[in-house]
Amino acid sequence: MTEKDIAEKDLESYNDVFADIVNVLLFGGRRVVQEESLSDARSGSSYKADDGLHTQDRDVAKYWKESAAGIRIALYGFENQTKEHDYMPLRVIGYDGAAYREQLLKKEQEKPCYPVVTLVLYFGEKRWSKARTLYECIDVKEDLKPYVNDYRINLFEIAYLTDDQVKMFRSDFRFIADYFVQVRKNKSYVPSQEEIRHVDGTFQLMKVLTGDNRFEETLARVENKGGRITMYDAFADAEKRGIALGKEQGIALGKEQGKEEMVINMLANNIPPETVAKCAGLSLEKIKEIQNKNNSSFINLF
C-alpha cells in the first residue's frame, strides 16, 4: 500500500469524518448517519481473470447499521481521485458488484440484502470531463440499450462545492474542502484558525493531495508537543521559515555580489587570474565566468 493510499484512508476512516462526508454530500447536511452507527467493512475483494485471481481495494468502506438491532442498512464506500479516470464507472461496478456478491455467498442469510453506495471524491483542479456513466465508457448499439442497464457513478468535485456546502461540514474534512474551493476560486488560500481534531490524518491527506511538504514538516515539529493545532499553523510556520530562508539567501547573494565586484576590479587592474582566484576563494572557471559576463570592463587576461 502506497503512502498516498494510507494517508487517504487515515482521515476518512474516522467515523466522525466518514459520517460527515456522507451527510453533507448525500443528505444536504442533515445528520442522517451517526458516527456510532458506522463500523469498518472489509475494503478488499477478489475477482477471477484469464491469468488468475486478482484483488481490488476500495479506499474506505463502512457498514451503516441500525444502532438498536445492529441490522445493516447500507454499505458506503469512498474512492478518492486526484486525476480523472477514463473508466471510473467500470471500476465502481467492480467494487459494488463484489459487495453484492459477498452478500449472496454468505451462508444462512436471514436478513435481506442491503444497498451498496459508492462516493467518488474528486480533488482535481479542473472539472471532471471523463465518463460518469457506463454508456459513456462502452459503445452500446441503440438496439441493445433496452437490455443494457446504464450505471451512473456518484461523483463529487470537491473543489467545486458551494460555500454553503463547505460550511455544512463539521469534521476535519471541512479544512480539506475549504482549501480546494478557495484555491480554485481565488488562486490563493486564507487558512482557518479553527482547531483540527485529527491533525495527523488531516495534514497527511493534505500533503498527498497537494504535494505540499509543509504539512508533513509542520506535523513533525508539533505532533509531540500537544496543544491546539490549526491550518494557519502550517502556513504561518512555513511563511516564517520562508522569510528566514529569504534573509539567508539575501545575505549570501549580497556577499556573492560583493565578491564578484572585487573580482571585476582586480581583473580590471591586470592582477593575474590565479591571484584573483586565491583572494576571492573561487575557482579559475568561476573567475573566467565572471570575466565573460563583464567582458567589456577589462581585457581578456586568460
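This report walks through the sheet, the helices packed on it, the largest pocket and two lysines of one protein chain.

Keep in mind that this is a predicted model: local features need pLDDT of at least 70, side-chain atom pairs count only at pLDDT 80 or more, and totals for chains, interfaces and linings use all residues. Residues are numbered from 1 along each chain as its sequence is written, and side-chain values use heavy atoms, with hydrogens and water left out.

## The chain as a whole

The chain has 10 helices and 7 strands. Both are DSSP runs numbered from the N terminus: helices are H or I with at least four residues, and strands are E with at least two. Of the 302 residues in the chain, 41% are buried. Here, buried means under 20% relative accessible area, exposed means over 50%, and partly exposed is in between, using a 1.4 Å probe and protein chains only. Now for contacts, which means heavy atoms within 4.5 Å. Take those with a separation of 6 or more: residues 24 or more positions apart account for 57% of them.

## The sheet

In which order do the 5 strands of the open sheet stand? The order is 1-4-5-6-7, with mixed pairing. Strand 1 (38-40) and strand 7 are at the edges with a single partner strand each, so one side of each has no neighbour in the sheet. From one strand to the next, the twist averages 30°. For angles like this, axes are lines fitted to C-alpha atoms (for helices, over the stretch in contact), and values run from 0 to 180 degrees between N-to-C directions.

Strands of a sheet pair through backbone hydrogen bonds, either parallel or antiparallel. In this report, two strands pair if DSSP finds at least two bridges between them. Here are the pairings, each with one residue pair you can look up in the structure.

| Strands | Sense | Bridges | One residue pair |
|---|---|---|---|
| Strand 1 and strand 4 | antiparallel | 3 bridges | Ser-39 and Tyr-63 |
| Strand 4 and strand 5 | antiparallel | 6 bridges | Trp-64 and Ala-74 |
| Strand 5 and strand 6 | parallel | 7 bridges | Tyr-76 and Val-117 |
| Strand 6 and strand 7 | parallel | 4 bridges | Tyr-122 and Glu-157 |

You can follow a few extra pairs too. Ala-61 stands opposite Gly-77 in strand 5. Asn-80 has Leu-121 in strand 6 as its bridge partner, and Gln-81 stands opposite Tyr-122 in strand 6. That puts Tyr-122 opposite Gln-81 and also opposite Glu-157 in strand 7.

How covered are these strands? In strand 5, 8 of the 10 residues are buried, so the rest of the structure largely encloses it. Strand 6 (residues 116-122) is mostly covered as well, with 6 of its 7 residues buried. For strand 4, 5 of its 6 residues are buried.

## Helices on the sheet

Two helices are worth picking out. Helix 2 (residues 15-27) packs on the sheet and touches strand 1, strand 4 (60-65), strand 5, strand 6 and strand 7; its direction makes about 90° with that of strand 5. Helix 3 (residues 88-105) lies across strand 5 and strand 6, and runs at about 150° to strand 6.

## The largest pocket

A pocket is found on a 1 Å grid over the protein atoms alone: it is an open set of points where a 1.4 Å probe fits, with protein on both sides within 12 Å along at least five of seven lines, and its lining residues have an atom within 4 Å of a point. The largest pocket has a volume of about 290 Å³, a volume being the space filled by probe spheres set on the points.

Which of the 14 lining residues are closest to its centre? They are Phe-123, Gly-124, Glu-125, Phe-180 and Val-183. Helix 5 (173-186) and helix 6 (199-210) each supply at least two lining residues, and helix 5 gives the most, with 4 residues.

## Two lysines

Lys-185 sits in helix 5. This residue is partly exposed, with a relative accessible area of 42%. Lys-185 and Ala-159 are 26 residues apart in sequence, and 8.5 Å apart in space from C-alpha to C-alpha.

Lys-187 belongs to the loop between helix 5 and helix 6. Is Lys-187 buried or exposed? At 70% relative accessibility, Lys-187 counts as exposed. Its phi is near 60°, a positive value in a residue other than glycine.
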